[in-house]
Amino acid sequence: LGSRHDKFAPATPRLSTGRRADRAMYTLDNLLADVARQKGALSKRGGGDYQSAWDAFNRYISAVIEKKQTLSMANFCKIGWRIEDNAHGKVKLRPHFQVAESFAKAYNLDTKAHPPASDRALTAVEEFNFSKAAIRFTQNLTKDGIFMGMRAILHQLGEVMSSGQTVAIDFEVGRLNCVERAVNFAFMSELYLREGLEVPSGCPEDATYRPSATFMPPSQDAMTLSLAGKPGATSTLKAHSAFLGGGWSDDSDAPLLPASAVALASPRLTARTLTPFAAAASAVPEGLPSEAASVYAESHASQPTRLETVQNEALNRHISQIEEEAANAIAEKENWEIHLKRCLDEEQRDQGYKRALAKDYAEQLKGQIQQAEQRRLEGRQHVVDMASMHDFPSFKESPDLAVYEYIRERRNNLKDDLDQQVDIKRKMKMAAQHNERTMEATHIDASKKELAMIKLEAAAKKEQEKANLHQAWDKDKRLHSVRRAIEEHHRTPASKSKLTGAAGPGAGSAPPMTPRLDLSGGPSLAASPRIGGGFDSGGSQGAPA
């Protein structure tokens, strides 16, 4: 924020010493510093900062209030004048401020101190125009720059006010205060006194804030100029600011411009102004003949001096600059008038479109009402026609005697018919219950049979598994015995009786044979604990094979 004043203009003090000492108070300096820190520079080219946007906003407010009008800043506030009628029937204006409903709802603010007023109760309301603010109240900001700057400032202001912090933001026409989200705007006491109103308590008497003044830096041409000289005893030159925007003037009757500058300068310059330069140009040195003096005077009168050339060039530059500024001012005025005309045309077209839309809506609504009324009448007529067309009950013809007899017979037999119906329903119910019981018994028998089959299959499967286990155990036992006999045959020679028993019954009369293992589970192997091996065909006992 220190760059908002250039080196050509002194900074205007923003807050008094007492206000700066209150650290708990959120002031304008804090607001602008927070916005600059959070959002960054407003323009990358250095065309302006947030202070310039705030100054333009305040200049806009001051200009509108001076014209006795009301300024409406969308989504923030309305500030201006409210029309009041006093007891004597005279109309008076009172300073008015109200917070926009959208702003109050977005940041949960209490606006009871400034109740809203309708536009009829306010003076002419002017919407904040960013283009107008950029053209009339700034020199280095564009419409987009003011829009972005004000949006960032108002957003930060709303966030701080919604946090409950004590806020005091200085305007040029007053001060915006907020304590515990309760908003209050105190106008300058001068505004009340100017309208002859009683000054409310708490209104500041003097504004501690003034929009910063903007000064243009000197051009490069001006920086190249210099002035040097020495004062004379009889010099009549003095500096002043009324000649061509600044310069030097002579209090004597001697003019400042030569005669050759008449065609380049303004035609309003009089002959009296040019007399000394013409006299200086026509001055002839002493001692020359008359013919040489005339030639010298003519030659020097037609040739401008250095001083004349510099003055002519400066005058031309100044006139060119004034013409350029005048052309720019005229162009800006024409553009502004064209913009206003275009805005007025667009507003008129919008109003015409709204009127046409409202007229069309009214006609469609009338047509719908007429159609509804027509449908109601047609429905009523249809009901009347339908009621008139049917022929029931017809009292022209009486029913036959047989019909009465049938009705009487049915009436007499009504109890029997009812009893018969009750009996039929009872029998049907009993049959249904019998069928349910039969079906349930059938299901139970089938379930029992299925369970018995499952048990039998499980028992048979278990017996089969048991038999398989016994058979496998026997086979394994016999194989173990045979393996053991084979391994221990050299330790204990087998007797002939054992060999005979191992060979099987009837082996005593048969010739000796080589013993064979019987894996079929015969009694000969089961009875012999050990089978000798390695006997030859000769039958010699104890001889190895």
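**Exercise 1. Is K68 buried, partly exposed or exposed, and where does K68 sit?**

Step 1. Start with the surface: K68 has a relative accessible area of 28%. Buried means under 20% and exposed means over 50%, so K68 comes out as partly exposed. Keep in mind that this is a predicted model.

Step 2. Now place K68 on the chain: the residue belongs to the loop between α3 and β1.

Step 3. Check the backbone. K68 is not a glycine, yet its phi is positive, about 60°.

**Exercise 2. Do the same for N75: which loop holds N75, and is N75 buried or exposed?**

Step 1. Go along to the loop between β1 and β2, and there you have N75.

Step 2. N75 has 54% relative accessibility, so N75 counts as exposed.

Step 3. Phi is positive here too, near 65°, and N75 is another residue other than glycine.

**Exercise 3. Work out the strand order of the four-stranded open sheet, and find which strands stand at the edges.**

Step 1. Read across the sheet: the order is β3-β2-β1-β4, and the pairing is mixed.

Step 2. β3 (91-99) and β4 (125-127) each have a single partner strand, so each has one side without a neighbour in the sheet. Those two are your edges.

Step 3. Look at the twist: on average, neighbouring strands of this sheet are turned by 35° against each other, direction ignored.

Step 4. Pick out a parallel pair. β1 (residues 70-73) runs parallel to β4, with three bridges between them. For one residue pair to click on, try T70, whose bridge partner in β4 is V125.

Step 5. Add the helix. α3 (residues 50-66) packs on this sheet and touches β1, β2 (77-85) and β4. The direction of α3 makes about 145° with that of β1.

**Exercise 4. Take the three-stranded open sheet: what is the strand order, and how do the strands pair?**

Step 1. The order is β5-β6-β7, with antiparallel pairing.

Step 2. Edges again: β5 (167-170) and β7 have a single partner strand each, so one side of each is left free of a neighbour in the sheet.

Step 3. From one strand to the next, the twist averages 15°.

Step 4. Count the bridges. β5 and β6 run antiparallel and are joined by four; V167, for example, has C178 as its bridge partner in β6.

Step 5. α6 packs on this sheet, touching β5, β6 and β7, and its direction makes about 150° with that of β5.

Step 6. On to the other pair: β6 (residues 174-179) and β7 (residues 182-187) are antiparallel over six bridges. Here N177 stands opposite N184 of β7. The two strands make a hairpin with two residues between them, and E180 in the turn has a positive phi of about 55°.

**Exercise 5. Which residues beyond its sequence neighbours does D110 contact?**

Step 1. Locate D110 in the loop between α4 (101-107) and β4.

Step 2. Set aside the neighbours within four places in sequence, and you get R181, A182 and V183 as contacts of D110.

Step 3. Compare with the spacing to N184: D110 and N184 are 74 residues apart along the chain, and their C-alpha atoms are separated by 9.2 Å.

Step 4. D110 has a relative accessible area of 31%, so it is partly exposed.

**Exercise 6. What span should α6 have, and what is the distance between its end C-alpha atoms?**

Step 1. α6 (residues 143-162) has 20 residues, and at 1.5 Å a residue the expected span is 28 Å.

Step 2. The end C-alpha atoms are 28 Å apart, which agrees.

Step 3. List the buried side of things: among the buried residues of α6 are I146, M150, I153, L157 and M161.

Step 4. Just after α6, look for G164, which has a positive phi of about 85°.

**Exercise 7. What geometry does the F185 and F187 pair have?**

Step 1. The whole structure has 13 aromatic pairs.

Step 2. F185 and F187 make one with centres 4.8 Å apart and planes at 65°. Since edge-to-face calls for over 60 degrees, this pair is edge-to-face.

Step 3. F185 and F187 are both buried. Both belong to one aromatic cluster, which also includes W54, Y60 and F147.

Methods: Residues numbered from 1 in each chain as written. Predicted model: local features only at pLDDT ≥ 70, side-chain atom pairs only at ≥ 80, totals over all residues. Heavy atoms only, no water. Expected span 1.5 Å × (residues − 1). Buried < 20%, exposed > 50% of the residue type's maximum accessible area, 1.4 Å probe, protein only. Pairing = 2+ DSSP bridges. Axes fitted to C-alpha atoms, helices over the stretch in contact; angles between N-to-C directions. Contact = heavy atoms within 4.5 Å. Phe/Tyr/Trp six-rings, centres within 6.5 Å; stacked < 30°, edge-to-face > 60°.
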